[in-house]
Amino acid sequence: MDSSRIHIQHYTIADGLKQMQVNDIHIASDGLVWLGTRGGICTFDGIDFDTFDDIEDTPFYVIDIGELSDGTIYALSGSALYFWRGDHFDKYDFEETIKIGRNATSHTDELDRIWINSFMKETGVVCFTDSIQHAEEAMPILKDMNLKTILPYKDKYYLGVDDGLYICLSNNELDTIYQSVGEEKVYFRASQSKYISGLYSGFNIFIQSPYPPKVLFYNFEDHTIDTVYYPEEKRFMNLDDKEYFYTNLDGLHIVIDSVFTEVVPNIKEDFNQFLSLDIDTQHTRTYYVGTDKGLVISRSQPFVSYSEHDYPFVWAISENENNDIIFGTYGNGLYKLKDSKQLVKDTNSTRHNKNIRMSVYLGISRGPEDQLYIPFASGLYELNNDNLSHVYPDALYYDPTLFSYYDSEKDLIFLAKCPGIEVIDTSFSQFKEREDLGFKHSCILTILKDENDGQYWFGGGGGLCKYDLDKDTVTQVYTYNKGNLPILGATCSMRDREGDYWFGSRKGITRYIPEQDSFQVFPQFDNYIVGSMIQYDDEKCFLGVLEGLLMIDLLHLKETGTVKSRLFTEADGFTGLECGQNGFYIDSQNMLWTTSSTDVVKVNPNLLEYRSEDLPVTLKTINNKRVSNREHVTLPYNVNEVYVEAGLTTYHQNRTIVYRFKLNDDHWTEWSSQKVHVYSDLTGGEHLLSIQAKQEHVNNDNASETLSILTISQPIYNEPWFSTVILLILGVLASVLAYIYRRRSILIENNYRLQQEKSNLVVKTQRLTSEKKELIFEMTEVKQLNEKLNAFINKQQHIDQTSQQQYLILKSLNKTYKIVADVVLSFTAEDNGVRVVTEEDSFWVDDTLKNLLNTLTADNFIRIHRSTIINIKHIKWINSTTLQLVDGSNHSIGRTYKQSIQHALG
């Protein structure tokens, strides 16, 4: 392990740690780090400490922390054993006869029994199931063994006694592993006995002998012991290329392939005591070290940094013919990194202003004989065998060259200017120059040759263009404002291994599709300001962004349209901030170098791995109280305002986590770094709460979510709808009362009208009685008339079947009508004429009823009123004063024509 790649972070009570003396550390199965301190217990999620200040009965002076098979965390103190139940601790007090030492350890077996090595002579080893009992009570075979320590592993128990080390098999038989020699004493140290299950090639520290200075390593697979000596010169002997782990008060040490490394250097110098240790190997090897002065996190990281103290503002990086790394700095010239850093001197430096001469800009290119073309503030320089010389232009004045690109096929050098482009040959004579490239801000930041058509891509802050060198013509211009470029300019470019062209900008990245002459958009990267990009292999492409180093899988992106990425920041050991433009370089050893505003960083990309962007989110607290059952939470009675706090179930170093919430079928809230969301005036019953978490710059709206059911119970008068319902009831009641009042008024009014109508009816009855004599026909006569009418109709139907049809000749002003007499229904006098109504029509004739009656020879035409003649064949019914014809028309009967009607009907 290269000690320069050890990244150390130190946390104290100023960061939120419960207390400075960290006695024990436990990384739970869900990834959360539990810390036992002299002042109590706390957790660490990689960002924040939780000190359980809202819990009344919490452990004090925690000695050891462990975990049962179901994930329950327990904490051992000097007087009790505590179990974390999600929102409180259950406490089991020890009897007064049981004493627990400050270096005690605990371990669980397959039955979830907790074995406690007290390191107290009067107590020895005890076991906890539902209560505390001595070891020999739980396992009778241990009786009279003078047991000092015990370590359960799988279905076996490893026993440390005064005279050696034994193993207790599943059939309760004992077997000797190691027999003590001389003054040796065998016991398990608290910080060592945890590391089983095959860490470090299966070898784990199990026994320690105080003198001579040696450590015994036990192999759980083949049950062998390796003896490792620890002389004063700190060299391990007889290691046989195996990997070992060792700790003492001087520090934390790792031995890999016979090489000794201090994982946390200077423990004894910076701290008084090294007290505890746990290791996270899920993703990277991270060491959590407890000391008397706080928590120390030490992690091996693949990045080697060269700080700005030595290399300020490195903007360009390359490699010379001797494989030395060349750094181009802004304002401080060139550096060469070999065994030590050296400033490459310019032999002509005395003739020019230092500030101009020493500024190196963005891009260094390699010439035909491995010489380097380096753009300076005063033009182009050539570095050949450590000889730096000014080669272009001839005059030495301020002529800043930002970027150089060498085309080996045409043996031409392209120089990026501000504005425009300049092309020279390798004899450093000008070939062509062009300032107008078709887009604004034509300060060229990237140059790329299109292998398909031989043209060149020029990019800058204003956009992109394609340039035909032979014709000296800009063939196409792409800008964000024109709508044919989806990114803001072009700060960098790259041709991937499949021949696709990529461009980065202040608004993400894009891929050029030549068949469509268009650009593919990737909105997942819109939030990134991309300064540089480079492809390392088929799976790994790197983007230099403001936040750090972004690794993406281009092939996965092109095939699926989804992002497989990982952002490396200071939390991962990547110390460079604001990666430089065109600031990547892969050296002859396949190491990736990148520049930034703060550091030059070297990394082996093969050591970098992707990890899931899907974060395991959980419901942490409600109304500042932890919830033990996060799937179904019942709120206290009479509570309908909820403060929901989200969290992660595993340790996460990234500090840019955002959350969003949804209740029932409502819309999601906006993504926010706020972990707490408030819901007010909730109704009683069950509510479905959903929470999602993601990294801030990852577009992952389909992130996994946690679902919790919130059950709210409260009196009906506290329901938010209660006042509305009461108002509604009052409104309905008022409406009913108003209706009843209105109805009563209507009834009184109707009763009054009824009385009036009754009085009117009496009057009318009297009047009818008096007017009865005036009726044209009595009821008996009406009945007789109707009988006669039916007989007449039957008789007439028989006559119609046997007789000839009769016609009427009727004259109007300018027409003469000839109609069948039987189809006429009536003649009615009108002004200056007569209206003739037939079965199908009606018309007006210029005549009088008297003349018509004289011309009507048929017996069935009679006069019933002084203005009406009807055809009795078409009478439908007749009563005392009126008759109705078959067409539905009613006709009044005149009193003087009563006899004629009776006569006509026979």
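The accessible surface of the protein amounts to about 44700 Å² in this predicted model, and carbon and sulfur atoms account for 47% of that area. Of the 906 residues, 51% count as buried. The secondary structure consists of eight helices and 72 strands. When contacts between residues at least 6 apart in sequence are considered, 49% of them join residues at least 24 apart.

In soluble globular proteins, nonpolar side chains tend to be buried together. The largest nonpolar core of the model comprises 23 residues, among which F414, I444, I447 and F458 touch the most other members. Seven strands each supply at least two residues of this core, namely β36 (403–407), β37 (412–416), β38 (421–425), β40 (444–449), β41 (456–460), β42 (463–468) and β43 (473–478). A second core, separate from the largest one, contains 22 residues and includes V627, Y659, L663 and L710.

The surroundings of F458 were examined with its neighbours within four places in sequence left aside. On this basis, F458 is in contact with F414, I444 and I447, the three residues that are listed with F458 as touching the most other members of the largest core. The contacts of F458 further include I421, L437, F439 and T446, together with G463, L464, C465 and Y467.

A hairpin is formed by strands β25 and β26, with two residues between them. Strand β25 covers residues 286–291 and runs antiparallel to β26, to which it is joined by six bridges. Within this pairing, V289 has V296 of β26 as its bridge partner. Strand β26, spanning residues 294–300, is mostly covered, with six of its seven residues buried.

Towards the end of the numbering used here, H891 lies in strand β72, which comprises residues 890–892. The relative accessibility of H891 is 11%, and the residue therefore counts as buried, the cut-off being under 20%. The side chain of H891 makes a polar contact with the side chain of S889, at 3.1 Å. Apart from neighbours within four places in sequence, the residues in contact with H891 are S826, I864, T868, T881, T882, L883 and L885.

Methods: Residues are numbered from 1 along each chain as its sequence is written. This is a predicted model: local features need pLDDT of at least 70, side-chain atom pairs count only at pLDDT 80 or more; totals for chains, interfaces and linings use all residues. Side-chain values use heavy atoms; hydrogens and water are left out. Helices (H or I, at least four residues) and strands (E, at least two) are DSSP runs, numbered from the N terminus. Buried means under 20% relative accessible area, exposed over 50%, partly exposed in between (1.4 Å probe, protein chains only). Contact means heavy atoms within 4.5 Å. Accessible areas come from the Shrake-Rupley method with a 1.4 Å probe; for residues, only the protein chains shown count as cover. A nonpolar core is a set of buried Ala, Val, Leu, Ile, Met, Phe, Trp, Tyr and Cys residues joined through side-chain atoms within 4.5 Å. Two strands pair if DSSP finds at least two bridges between them. A polar contact is a pair of N or O atoms within 3.5 Å; within protein, one must be able to donate a hydrogen and the other to accept it, and residues adjacent in sequence count only if both atoms are side-chain atoms.
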